[in-house]
Amino acid sequence: MLRGFELFPKRFGIYPYIWMVYLAMPIYYLSDARGHEQYIGIITFIVFVLTYRQLYMTAGRILFSYWLILQMLCVFFLTLIIDPNMFFLGFFTANFIGWYTGKRIFRVFLLVFAIIQTIPIIMAIALNQLSSQQLLFFTPFYLIMLISPYGIRTMLDRQQLEAKLDEAQQHIKELIKREERMRIARDLHDTMGHTLSLITLKSELVAKLIGKNPERAIQEAREIERTSRAALREVRQLVSDMRAISLVEALADAKEMLRSANIELELTTAQEVSNDIPDLTQNMASLCLLEAVTNIVKHSKATRSHILLMREVDGIYITIQDNGTGIPSNQHQGNGLKGMSERLHLIDGSLQIESDTQGTQLTLFLPIVANEIQGGIPS
């Protein structure tokens, strides 16, 4: 589908349209011209207007400089052929020169611009087309025209700096959010680990007491129920306090991490991960995925990696593979692998590690319980 025509890019707002008001002045002088000079002037003016639009459309690209040179030439010929007052069209060009961020190219274009603007004025004085009084009138505007690019460049530099600061602040906020998510995940693990151990012990006790002391067994069973309900309330509180990291976000972060480390990534998604996966499961999967990618970047010395993501009926399978140096046998519980295993164990998942001198492959399994998909954590 073709995009709609844009006179100017939307990001500039009404700024380009305001400047078009000043195009009325050259139209007035063109109407006073006669013969072939008028035709040449009209064609040159049309080209000038085209360069004005194209400079906005090509901002930040190499074509910008070519359009700017063409605009300078248009101002030069209009000033030389039509009227010395066409000199004031140079304010358009001065504005665009201020857009250059590189000092060298900025100075080169400003010097060329100064020369191109000076030559027609000198010729007009030599041909008695410009009186001393008119020259006195032109001089302050000429100086302003040469100084204004510095002001525009300073303003744009400040805007870019503010944008970078905003981006840095946003990144800091995201890091704070991510750290908070990690903290909540650790709290969830610590809280549920002890609670589940207690439930396991009491369940074993109930099994032993059923035949010997039924009344005591019933009391212990009720205690298990109270403990489990209290644990569910804690889980709900923790989950409600955090926004889980989705797999889509985790994959995007993984791509950026690997790209920054110059590690080639091949991503295979056998089946699209749907949005009905519980937040807790997605969060655990995302944390494990990012931990694995972090290990690749920090320790593997790999040049290529492969992430395979599959959604099956019973859960999610994630395979992370690299062509690095492998994991030493005495570090299979290091580099965050122990933490990954603990997170997966929390939701009855599993972690398989295959590593040799040709690389490492981690296979993560995260189960998806049917009632979890349908209604979240049951009460």
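Colleague: What makes strands E4 and E5 a pair in this model?

Modeller: In this predicted model, strand E4, residues 350-356, is joined to strand E5, residues 359-367, by seven bridges, and the two run antiparallel. Two strands pair if DSSP finds at least two bridges between them, so with seven bridges E4 and E5 count as paired. One of the partnerships is that of Ser350, whose bridge partner in E5 is Phe365, and a hairpin through two residues joins E4 to E5.

Colleague: How do you know that strands E2 and E3 pair, and in which sense?

Modeller: Strand E2, residues 304-311, and strand E3, residues 315-322, share seven bridges in the antiparallel sense, and because at least two are required, they too count as a pair. Within this pairing, His306 stands opposite Gln321 in E3.

Colleague: Why are E1 and E4 said to stand at the edges of the sheet?

Modeller: The sheet is open and has five strands in the order E1-E2-E3-E5-E4, with mixed pairing. Strand E1, residues 264-269, and strand E4 each have a single partner strand, so one side of each is left without a neighbour in the sheet. Direction ignored, neighbouring strands of this sheet are turned by 10° against each other on average.

Colleague: Why is Ile14 called exposed, and where does this residue lie?

Modeller: The relative accessible area of Ile14 is 62%, and because exposed means over 50%, Ile14 falls in that class. Ile14 lies in the segment before helix H1, residues 15-19, and together with Phe5, Leu7, Tyr17 and Ile18 it forms a nonpolar patch on the surface, with about 540 Å² of accessible area together.

Colleague: Why is Thr118 called partly exposed?

Modeller: Thr118 has a relative accessible area of 25%, and since buried means under 20% and exposed means over 50%, the value lies in between, and Thr118 is therefore partly exposed. Thr118 has its place in helix H6, residues 103-126, and from C-alpha to C-alpha it is 9.2 Å from Phe76, although the two are 42 residues apart in sequence.

Colleague: What makes Cys74 and Cys288 count as buried or exposed?

Modeller: Cys74 has 3% relative accessibility and Cys288 has a relative accessible area of 0%; because buried means under 20%, both residues count as buried.

Colleague: How many disulfides are there, and by what rule?

Modeller: A disulfide is a pair of cysteine sulfur atoms within 2.5 Å, and by this rule the count comes to zero disulfides.

Methods: Residues numbered from 1 in each chain as written. Predicted model: local features only at pLDDT ≥ 70, side-chain atom pairs only at ≥ 80, totals over all residues. Heavy atoms only, no water. Helix = DSSP H or I, 4+ residues; strand = E, 2+ residues; numbered from the N terminus. Patch = residues over 30% accessible without salt bridge, like charges linked within 9 Å, V, L, I, M, F, W, Y side chains within 5 Å. Areas by Shrake-Rupley, 256 points an atom, 1.4 Å probe, with all protein chains shown as cover. Salt bridge = Lys/Arg side-chain N within 4 Å of Asp/Glu carboxyl O. Buried < 20%, exposed > 50% of the residue type's maximum accessible area, 1.4 Å probe, protein only. Axes fitted to C-alpha atoms, helices over the stretch in contact; angles between N-to-C directions.
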